[in-house]
Amino acid sequence: SVLLVTGAAGRVGKELVARVAAAKCFDVVRCATRGNADYVKSLGADEAVLFDLTDEATWRPALENVTHIFSSTQDAYIKQHMDFAKVLKEEYSGQIKHVVRISCFGAETNTNSYDPATHVSRAGAEIPLMLQHYWWSEECLIEALGKDKVTSVRGNFYMNHLLKNELESIKTKGSFESPLGACKNSFVACNDMGEAAAVIFQEGVERHGNKFYDITGPSPTSMGDVAAILTDALKTDVAKEVIPELHGKTIEYKEQDPAQFEKDFGPTRAAFFEYLQNGFYSRCSQDFYNLTGHRATSYFEYLTTPGAAGDTGLAELFSAQGALFTKGKDLFKDLASVAK
């Protein structure tokens, strides 16, 4: 058996690689990467292969003899992901036994019946485009391979994700901004997403094919709570090692004007963030416990405890991992034209 791990050096992929490599549940763990070969091999990968969703010439060499796929794609590449799924259908449907897809809940029409034309809190608006695309990313794999070969791990927003564009402010001003206000959301640890996927692969498609799991944190937290928990984490010896200039510092949250946030990152991301302001992502799911036998990781635990890949959430926060967005640049301005 050969597992192809896309996004292998990312926040979720690295944890998945470390766990399946340690479990020795595949003959070959092959990591798809665009330049992190040494890193993924240090996690236990057997092979590293060049793979780029924007370059179809890299797809087939990466898929040679592959039987299982861990599928994780950045939001902006939904068209390329759907094209990749078409290739799986046309050329590899008999070869691929199981795909585990990383996604997000809120627009799916298989386990639920969300109407894409109906926003949960804004009259006359659609479900945010990014959420619809997360469902499309699952749906195209189901169409390509059949539902019994697909499992989806649908996560809430990742812990630390909303701070990635605020690191300079945290370092220089001791504060960060966000438009979320007092609303609490059950942000999920990236490590929990990777652990859930690893358990699914270890237990097999017979048990987890055609299963779709919602993975969240163990309690909802506001951005004010996030600031307080980050402040507590910065008091620890872990912080002294990872980010010594912030050791013992107090971090404050400042509510950002939603209109300014939309100017910074564009209307597509701003529309998605409204779901983090209306309570849609406040609930906590039991699925992680049912998969692993233990509760989900809290934010303080994530920040201060090493995962299977060896780094803490504090190290991840102040690294380049997951730094996908730049103020003033709208990564999604052309996505409205993407069709199924």
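Here is a short exchange about how some descriptions of this predicted model are reached.

Me: What makes strand 3 and strand 8 the edges of the open sheet?

Reply: Start with the order, which is 3-2-1-4-5-6-8 for the 7 strands, with parallel pairing. Strand 3 (47–50) and strand 8 (211–215) each have a single partner strand, so one side of each is left without a neighbour in the sheet. Neighbouring strands here are turned by 15° against each other on average, direction ignored.

Me: How do you know that strand 2 and strand 3 pair?

Reply: Two strands pair if DSSP finds at least two bridges between them. Strand 2 (residues 28–33) and strand 3 have 4 bridges, in the parallel sense, so they meet that cut-off. Within this part of the sheet, Arg 30 stands opposite Glu 47 of strand 3.

Me: And what joins strand 4 to strand 5?

Reply: There are 4 bridges between them, and the two strands run parallel. Since at least two bridges are needed, they count as a pair. Ser 71 stands opposite Arg 101 in strand 5.

Me: Why is strand 5 called mostly covered?

Reply: Buried means under 20% relative accessible area, and 6 of the 6 residues of strand 5 are buried. In a regular strand the side chains alternate between the two faces of the sheet. Both faces of strand 5 are covered: His 98, Val 100 and Ile 102 are buried on one side, and Val 99, Arg 101 and Ser 103 on the other. Helix 5 (residues 129–145) lies across strand 5 (98–103), as well as strand 4 (68–71), strand 6 (150–155) and strand 8, and runs at about 170° to strand 5.

Me: Why are helix 11 and helix 12 called oblique to each other?

Reply: Their axes cross at roughly 140° and come within 7 Å. Roughly antiparallel would need an angle over 145 degrees, and roughly perpendicular one of 65 to 115. The crossing of helix 11 and helix 12 is therefore oblique. Phe 261, Glu 262 and Phe 265 of helix 11 make the contact with Pro 267, Arg 269, Ala 270 and Phe 273 of helix 12. By class, this contact has 5 nonpolar, no polar and 2 charged residues.

Me: What makes helix 12 mostly covered?

Reply: Of the 8 residues in helix 12 (residues 267–274), 6 are buried. They are Thr 268, Arg 269, Ala 270, Phe 272, Phe 273 and Glu 274. The cover over these residues includes helix 5 and helix 11 (258–265).

Me: How are helix 1 and helix 7 placed against each other?

Reply: Helix 1 (residues 13–23) and helix 7 (residues 190–203) pack at about 35°, with their axes 8 Å apart. Helix 1 passes helix 7 in a right-handed crossing. Among the residues in contact are Leu 16 and Val 20 of helix 1 and Ala 198 and Phe 201 of helix 7. By class, the contact has 6 nonpolar, 3 polar and 3 charged residues.

Me: Why is Lys 24 called exposed?

Reply: Exposed means over 50% relative accessible area. Lys 24 has 70%, so the word applies. Lys 24 sits in the loop between helix 1 and strand 2, and its phi is near 55°, a positive value in a residue other than glycine. Most residues other than glycine have a negative phi.

Me: And what makes Asn 65 exposed?

Reply: The relative accessible area of Asn 65 is 52%, which is over 50%, so Asn 65 is exposed. Asn 65 is found in the loop between helix 3 (59–63) and strand 4, and has a positive phi of about 65° although it is not a glycine.

Definitions and conventions:
Residues are numbered from 1 along each chain as its sequence is written. This is a predicted model: local features need pLDDT of at least 70, side-chain atom pairs count only at pLDDT 80 or more; totals for chains, interfaces and linings use all residues. Side-chain values use heavy atoms; hydrogens and water are left out. Axes are lines fitted to C-alpha atoms, for helices over the stretch in contact, and angles run from 0 to 180 degrees between N-to-C directions. A crossing is left-handed if the near helix is turned anticlockwise from the far one by less than a right angle, and right-handed if clockwise. Contact means heavy atoms within 4.5 Å. Ala, Val, Leu, Ile, Met, Phe, Trp, Tyr, Cys and Pro count as nonpolar, Asp, Glu, Lys and Arg as charged, and the others, Gly among them, as polar. Buried means under 20% relative accessible area, exposed over 50%, partly exposed in between (1.4 Å probe, protein chains only). Angles under 35 degrees count as roughly parallel, over 145 as roughly antiparallel, 65 to 115 as roughly perpendicular and the rest as oblique.
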